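Open the model in your viewer and keep the selection tool ready. This tour goes from the whole chain down to single side chains.

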Amino acid sequence: MRPSWVEVDLDAIRTNVAGFVAFVAPAELWAVVKADGYGHGDVPVAMAAAESGASGLCVALVEEGIRLREAGLDLPILLLSEPDPEDAAEVLAWRLTPTVYRHATLEVLRAAGEVVTGIAIKVDTGMHRVGATSDQVVELARRAVQLGVAVDSVWTHFAVAETDDPFTEEQTRRFDQTCRAIEAAGVAGFKRHLSNTAGTLLHPGSRGDLVRVGLGLFGLLPSPPCGELIEVIPAMRVVSHVSYLQRLPAGSRPSYGRRRPLTAESTVATVPIGYADGVPRLLSNRNGEVLIGGRRFPLAGTVTMDQILVDVGDADVVVGDEVVLLGTQGGGEIPADEWAEKTDTISYEIVCGIGPRLPRRYVGGEVGRA
Ligand SMILES: *Cc1c(COP(=O)(O)O)cnc(C)c1O
């Protein structure tokens, strides 16, 4: 088997979840585990979150919610977007809480059967991705009650919680106003929620009854000021091993494109992991580095689909040595934020991009004991 995998530390996730639970109390912490738990593996992450005090789970897709139920998770599961109409019966059968922002979706859900779990109504307060306007939301809530469908929650989503305080405050103000209008229309007893990780940390006045935290649970934070408010432990390590070594003369140009010459005679290590696994090809000419023996070494040439090349100079490296692409090794660390900065993106995209071809290995205790 190829000696490349993703190591996920479930104790780190438990610690992070417990930290957020304490931080937001008395509000509830709902764990966002969409996109296979941001690449960490949704079922183990959800179980670790459930063991550590999360009150609910959030996913993007119906099939993500079903997978959690099939694994035996019994917490409430919120779908963050409207389900497709053809999935309505499955949504209800698996007790997933659908988000709703169109009348047609509400009617389809009602027709699909008894809506036991209730619905979550999404109001657009400025993100302009999905959600109904304030006025539409009031109508929607009224109609739900008419149909005998419980409104479990009303929620919105921030566009710039990590960077723009005035706009986030404006979104919060619009949300509060909408909730008051819904209550004035005779609908009550719903929970309110607005905040993602950045909102939770930077806007304590916007916590509502629960927060929807994703990134922070994995030990990553959306902006530097967040790090002053909570301590988290990164849960992911991307690990491979040296599979081949060559001693090459100065001037050799390893890999596709022959882009860069070695400036001196050097040992070049081949490592069996590549862009098909989520190692950004852009790192080739953006000073990408890896850890071997706790030390940093630069990439030698272009990242290929299945393999990378590393210039280890005259270091004492042997075939089989562990190579860490992301995470810690000895005293060294390559955080996801470093890849993100070097490749003009955010840590979210880095960890979600770590591909399914790499097996996930879990450390830090079994899940599902509770
Ligand atoms: C992904 C997502 C979240 C979680 O965001 P983080 O920044 O990862 O905490 C919360 N709410 C919605 C609607 C989302 O799509």
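**The whole chain**

Colour by secondary structure: the chain has 11 helices and 19 strands. Both are DSSP runs numbered from the N terminus, with helices (H or I) of at least four residues and strands (E) of at least two. This is a predicted model, where local features need pLDDT of at least 70, side-chain atom pairs count only at pLDDT 80 or more, and totals for chains, interfaces and linings use all residues. Residues are numbered from 1 along each chain as its sequence is written, and side-chain values use heavy atoms, leaving out hydrogens and water.

Zoom out. Along the principal axes, the C-alpha atoms fill a box of roughly 80 × 40 × 35 Å. Of the 370 residues, 52% are buried. Buried means under 20% relative accessible area, exposed means over 50%, and partly exposed lies in between (1.4 Å probe, protein chains only).

**Two domains**

Select 10-223 for domain 1, then 236-334 for domain 2. These bounds come from an automatic or database domain assignment. The domain centres, taken over C-alpha atoms, are 41 Å apart.

**Helix 6**

Now select residues 103-112, which form helix 6. Which of its residues are buried? Show Thr105, Leu106 and Leu109: these are buried. Look down the axis: the buried residues fall within an arc of 100°, so they line one face of the helix. The arc is that of the directions from the helix axis to the C-beta atoms.

Turn to the other side of helix 6, where Ala104 and Ala111 are exposed. Next, add the partners of the buried residues: helix 5 (88-93), strand 6 (99-100), strand 7 (119-122) and helix 7 (134-147). Step past the end of helix 6 to Gly113, which has a positive phi near 150°.

**Aromatic rings**

The whole structure holds 2 aromatic pairs. Rings of Phe, Tyr and Trp (its six-membered ring) pair if their centres lie within 6.5 Å; planes under 30 degrees apart count as stacked, over 60 as edge-to-face and the rest as tilted.

Select Tyr38 and Tyr348. Their ring centres are 6.2 Å apart and their planes meet at 35°, so the pair is tilted. Tyr38 sits in helix 2 (residues 34-38) and Tyr348 in helix 11 (residues 347-352), 310 residues apart. Tyr38 is buried at 6% relative accessible area, while Tyr348 is partly exposed at 26%. Add Phe218: ring pairs link Tyr38, Phe218 and Tyr348 into a cluster.

**Last stop**

Finish at Trp5: Arg361 lies over the face of this ring, 3.6 Å from the ring centre. A charge sits over a ring if NZ of Lys or CZ of Arg is within 6 Å of the ring centre and within 35 degrees of the ring normal.

Definitions and conventions. Contact = heavy atoms within 4.5 Å.
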